[in-house]
Amino acid sequence: MEQSHDIALTVNGTPRTARAPARRLLSDLLRHDLGLTGTHVGCEHGVCGCCTVLLDGEPVRSCLMLAVTADGHEVTTVEGLAAPDGTPSPVQRAFRECHGLQCGFCTPGFLCTVTALLRETPRPTRDQVLEGISGNLCRCTGYQNIVASVHRAAELLAGSAREGES
């Protein structure tokens, strides 16, 4: 019988605890133990990016990470990107406005990836966007609307920053 471990982490701003086997993946902990089903599992090999979440603000593949390694860290899932009142984040708004999704399966991973990308590179060039999203796969789109969504999100974030300065 595999030994279980107590895990304490902050998920979407809320302290959470769970008990999980040592080999439980972070994606499984989030989905099955904590009920956060917005994190999708696609390939289970870290290739598709559907399971991307933010660990201490950095994008990680939750299907490759053991849950016990998240102990003491902060995890942001797609459910945590919106404001506390449910207002979509600028990245979420941009994906909706620019039709950056079709079936939506890959969208949570893209949203987390793009959130981190725009934090690091607020005004990315097209090449920087393509590089930034290159680890996320979408089987439905030709990526044009996803790239447009990233640029629109950058505009929205820049507008929010200007409003905050006023």
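Let's start at His40, which is in contact (heavy atoms within 4.5 Å) with Arg31, Cys50, Cys51, Gly104, Phe105 and Pro108, leaving aside its neighbours within four places in sequence. This residue sits in the loop between helix 1 (26–33) and strand 3 (52–55). Helices (H or I, at least four residues) and strands (E, at least two) are DSSP runs, numbered from the N terminus. His40 counts as buried because its relative accessible area is 18%; buried means under 20% relative accessible area, exposed over 50%, and partly exposed in between, with a 1.4 Å probe and protein chains only.

A word on what you are looking at: this is a predicted model, in which local features need pLDDT of at least 70 and side-chain atom pairs count only at pLDDT 80 or more, while totals for chains, interfaces and linings use all residues. Residues are numbered from 1 along each chain as its sequence is written, and side-chain values use heavy atoms, with hydrogens and water left out.

Now move to Gly109, which belongs to helix 3 (residues 107–120). With a relative accessibility of 0%, Gly109 is therefore classed as buried. Apart from its neighbours within four places in sequence, Gly109 has contacts with Gly49, Cys50, Thr52 and Asn136. You may remember Cys50 from the list of residues touching His40. Another residue to find from here is Thr77: it is 32 residues from Gly109 in sequence, and the two C-alpha atoms are 8.8 Å apart in space.

Thr77 also leads us to Asn12, in the loop between strand 1 (4–11) and strand 2. The side chain of Asn12 has a polar atom 2.8 Å from the backbone nitrogen of Thr77. If we set aside residues up to four places away in sequence, Asn12 touches Leu36, Val75, Thr76, Thr77, Glu79 and Gly80. Asn12 is partly exposed, because its relative accessible area is 25%. Pro90 lies 78 residues from Asn12 in sequence, with 17 Å between their C-alpha atoms.

Our last stop is Ala18, within strand 2 (residues 14–21). Its relative accessibility is 13%, so Ala18 counts as buried. Not counting residues up to four places away in sequence, Ala18 touches His5, Asp6, Ile7, Leu29 and Leu34. Ala8 is a further landmark: Ala18 and Ala8 are 10 residues apart in sequence, and their C-alpha atoms are 6.7 Å apart in space.

How values were computed: A polar contact is a pair of N or O atoms within 3.5 Å; within protein, one must be able to donate a hydrogen and the other to accept it, and residues adjacent in sequence count only if both atoms are side-chain atoms.
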